[in-house]
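Biologist: I should like to learn how a structure such as this one is read. Would you take me through it?

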Amino acid sequence: MHSLVRVSADDFDVGAECDALRALSRRSGAIAQFVGVMRDSNQGDDVLTMELEHYPGMTERRISEIIERAAARWPILAATVIHRVGLLHPQDQIVFVGVSAGHRHDAFQACEFIMDFLKTEAPFWKKERTPSGERWVDARDTDQQALARWQTEKA
Amino acid sequence: MISVLFFAKYREQLGTAKICIESSELAAENLTVAELKAHLSQRGDLWATVLNAENTLCAVNQDIADSACFIREGDEVAFYPPVTGG
């Protein structure tokens, strides 16, 4: 299983990442991808910009570990996770998760699994700038609840 | 020496991203996360509030740690609020 984790202020090219995943294995029959994008509003307020902070070192370790857990559960061939940090604007790409597998079911499931755990375990924090000032984004209960299905659903 | 890191809202509230604690400052050679929290809470009400908040998370050497986890000389401890990436 090939695993790539990158945390960077730089933007990413989804097409190039997909090509890279495709080139890794002749056994791949499916690549599932997720791209998280910055919204221009949150909780009823306009959001002008967002600053993403992280815990260097731990972030990469946690994400790598989440990918390993996904690989233990579904027969995936490769996974790429890219997460941006620093200053972002609406419509900017924030996060990329790409998973290559023999068949689509495994690719889709592993992609969702990685994203669900990234949201609740990887040490990133968002700070929004709205017309009325700056504020730290609160964690959502729905993100915690999303994990429940991975405890009961069989792969 | 133990390094203690603070992130995001906690870094701003406490006005510091990192503090270093000399072992001589501490009562015991090996202390738990709970004991470190109690030690740091002596710095003031704000510290006590941040560290003892129900949802405050802790990592020791970049692994998620609970309050019973032991901290040793040279360790890196981090306190942070619930994460909001993705």
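Modeller: The discussion below treats chain B and then its contact with chain A, in a model that is predicted.

Biologist: Which helices and strands does chain B have, and in what pattern along the sequence?

Modeller: One counts the elements and then reads their order. Chain B holds three helices and seven strands, and along the sequence they follow β-α-β-β-α-α-β-β-β-β.

Biologist: Why is chain B described as compact?

Modeller: Its radius of gyration is set against a rule for globules. The radius of gyration of chain B is 12 Å, close to the 12 Å that the globule rule gives for 86 residues, so chain B is as compact as a globular protein of that length. Along the principal axes, its C-alpha atoms fill a box of roughly 35 × 25 × 20 Å.

Biologist: What share of the residues of chain B count as buried?

Modeller: Buried here means under 20% relative accessible area. By that cut-off, 48% of the 86 residues of chain B are buried. Chain B exposes about 4300 Å², and carbon and sulfur atoms supply 48% of that area.

Biologist: How many charged side chains does chain B have?

Modeller: There are 6 positive and 12 negative side chains in chain B, and the centres of the two sets are 6 Å apart.

Biologist: How many residues does each chain bring to the contact?

Modeller: Chain B contributes 20 residues and chain A contributes 26 residues. Between them the chains bury about 1900 Å², with 54% of it on carbon and sulfur atoms. On the chain B side, B:Q62, B:T84 and B:G86 lose the most area to chain A, together 36% of what that side buries.

How values were computed:
Residues are numbered from 1 along each chain as its sequence is written. Chains are lettered from A and ligands numbered from 1 in the order in which they are written. This is a predicted model: local features need pLDDT of at least 70, side-chain atom pairs count only at pLDDT 80 or more; totals for chains, interfaces and linings use all residues. Side-chain values use heavy atoms; hydrogens and water are left out. Helices (H or I, at least four residues) and strands (E, at least two) are DSSP runs, numbered from the N terminus. The radius of gyration is taken over C-alpha atoms; the globule rule is 2.2 Å times the number of residues to the power 0.38. Buried means under 20% relative accessible area, exposed over 50%, partly exposed in between (1.4 Å probe, protein chains only). Accessible areas come from the Shrake-Rupley method with a 1.4 Å probe; for residues, only the protein chains shown count as cover. Lys and Arg count as positive and Asp and Glu as negative; His and the chain ends are not counted. The place of a charge is taken as NZ of Lys, CZ of Arg, CG of Asp or CD of Glu. Contact means heavy atoms within 4.5 Å. Buried area is the accessible area (1.4 Å probe) that two parts lose on being put together, summed over both.
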